[in-house]
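The following note sets out points for a colleague who wishes to read the model alongside its coordinates. The points begin with one side chain and then widen to the elements around it.

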Amino acid sequence: MDGHSITLNEAARNVALGLRRSALEPLWLLCVAVCIDVPVFALAFWFMLYGTVESALFQPLIAATWALFAAAVFVSSMVAIGAYRSAIMADRFGFVMRSFLCVIIPVLGLAGVAPMESFGAAVLAGALALGGAIIPTRMGARVIVGWVIETGLIARRAVIAGGGEEAARLIRGLGARQGNDIRVFGIFDDRDDTRSPTQVLGVPKIGGYEDLLAFVRASEVDLVIIALPFAAEQRIKWLLDEFRVLPVEVGISTYSKDYAFDRNAARGPYLERLRRSFSPECRLTKRLFDVFFAIFALVLLWPVLVCAALAVRLESAGPILFRQQRHGYNDRIIDVLKFRSMYADASDPKARQVVTRGDPRVTRVGRFLRRSSIDELPQLFNVLRGDLSLVGPRPHAIEAQSSQQERFTQIVDGYSARHRLPPGITGWAQINGWRGEIDNAQKLEARYKHDLFYIENWSLWLDLKILVLTPFSLLSSKGAY
């Protein structure tokens, strides 16, 4: 299956249009709750200190510092015991009890350092101040989170691969499961309408297995569930292999006991599910990392960008920047910025002709920019826009070819699996010397393997390591023309 070449049918396209925006991740509820709790409880702790410390000894700034520290301890305790989970926040009793439990730590900390004669006053003031903060915030949170859950804003969006009775069993199981957070939007199946009806318990069949790849790339889907019987084990294995190019979670209903499909669910005896390669935690951490270091790089390197822009402008007529369509996250098309390194009338936006050593299309300034990778610096603005990451598999042009005029997708089977994380300005393959011209299949295969290693082993520290090593890798201009 190749999601690039499939045009979605009208039914699948209409469903995909309704899922263009991603669902609200529970992680964002946690972030919002923390942003509310820190100032609210810091203020409550401050008034608690104000009510227990003698006026002559009370110092507002020092008290504010301790209040912020106590609020941080409180919030950290809440996170540690899972009190910010959406199901807990929607539970009035559970949320309040967990909040009071976490309040005990800073209250007892204050009481422990208070003079013996004011011990009782410290505990009383703490209970009053923090109780006054807990009750209204928890009641408000319960109403808001309850509404968010009921409207399905944080529900996981799912599609089913496989129809018929197995799909019906799965849909019934999801409906019967208490606290179910999965919403099914369509069924994909290659079988005819006799073996796989056009509708199963109200869920429409909107395409075949090939359509599913294109559908997931055109919409924001969180989960693909394979609903096939035990007897179709080979078919299940085939689908798992085909779906490895997708960044979403892939579950197997046959091996699920409760239809929860959560991260800690037990694996099947023979088949393993495919885990989501770009989780909400990864997405948030990577985005904050990118924005911080992209701004830092622009502040540090703006003289280099200005000089490069002037050099491009002075050497040849044409625009300073060159825009090229490339494959982004989940194979979506993005416009990548570069300093123009070719003569304007010889530019190749679709990269139909690979750049080789001594290529006459490349200007003298362009040759230096390419060898030093300075031509890539405008991509820092792509990072701020969210199209690129600082570190990730390098994005290739949509019609990228080797020196032998072979499409990359023809050289490496499942090549789009490298798009399961956002592409980057630099990457693990680049710092290991795999950059520049692809003049044989082995070079592309090596780059592909390095990209997969990065995706499977991603961490903040790996990103930092790659950023630190990138300037040293540029000392070798091998393959960069």
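1. The side chains of arginine 217 and serine 416 are joined by a polar contact of 2.9 Å. The model is a predicted one, and the distances in this note should be read accordingly. A second polar contact, of 3.5 Å, links the side chain of arginine 217 to that of aspartate 331.

2. Is arginine 217 buried or exposed? Its relative accessible area is 10%; because the cut-off for a buried residue is under 20%, arginine 217 counts as buried. The residue belongs to helix 8, an element that spans 209-218.

3. Helix 8 also matters for the account of the nonpolar interior. The largest nonpolar core comprises 40 residues, and those with the most contacts inside it are Leu212, Phe215, Val224, Ile226, Phe243 and Leu246. Two or more residues each are contributed by helix 1, strand 1, helix 8, strand 5, helix 9, strand 6, helix 13 (408-411) and helix 15 (441-456). Helix 8 supplies the largest share of this core, namely six residues. Another core, of 30 residues, lies apart from it and includes Val312, Phe339, Leu369 and Ile466.

4. The sheet may be described next. Six strands form an open sheet in the order 3-4-2-1-5-6, and the pairing is mixed. Its edges are strand 3 (199-200) and strand 6 (249-252), each of which pairs on one side only.

5. Within this sheet, strand 1 (residues 156-161) runs parallel to strand 5 and is joined to it by four bridges. Valine 159 has valine 224 of strand 5 as its bridge partner. Strand 2 (residues 182-188) pairs with strand 4 (residues 203-207) in the parallel sense, over two bridges. Here phenylalanine 188 is matched with glycine 207 of strand 4.

6. Strand 5 (residues 223-226) and strand 6 are likewise parallel, with four bridges between them. Leucine 223 lies opposite glutamate 249 of strand 6, and isoleucine 226 lies opposite isoleucine 252. Together with helix 9 (residues 233-242), these two strands make a right-handed β-α-β unit.

7. Which residues of strand 5 point one way, and which the other? Leu223 and Ile225 point to one side, Val224 and Ile226 to the other, and all are buried. Strand 6, although an edge strand, is covered on both faces: Glu249 and Gly251 are buried on one side, Val250 and Ile252 on the other. The reader may wish to note that Glu249 is among these buried residues.

8. Finally, helix 1 (residues 10-17) has Ala12, Val15 and Ala16 as its buried residues. They lie on the same side of helix 1, because the arc they cover around the axis is only 100°. An α-helix has 3.6 residues a turn, so residues three or four places apart point the same way. The cover over the buried residues of helix 1 includes strand 2, strand 4 and helix 8. At the start of helix 1, a side-chain oxygen of asparagine 9 comes to within 3.1 Å of the backbone nitrogen of alanine 11.

Note on methods. Residues numbered from 1 in each chain as written. Predicted model: local features only at pLDDT ≥ 70, side-chain atom pairs only at ≥ 80, totals over all residues. Heavy atoms only, no water. Pairing = 2+ DSSP bridges. Buried < 20%, exposed > 50% of the residue type's maximum accessible area, 1.4 Å probe, protein only. Arc of directions from axis to C-beta. Contact = heavy atoms within 4.5 Å. Polar contact = N/O pair within 3.5 Å; in protein donor to acceptor, adjacent residues only side chain to side chain. Right-handed = clockwise from strand over helix to strand, strands pointing away. Core = buried A, V, L, I, M, F, W, Y, C linked by side-chain atoms within 4.5 Å.
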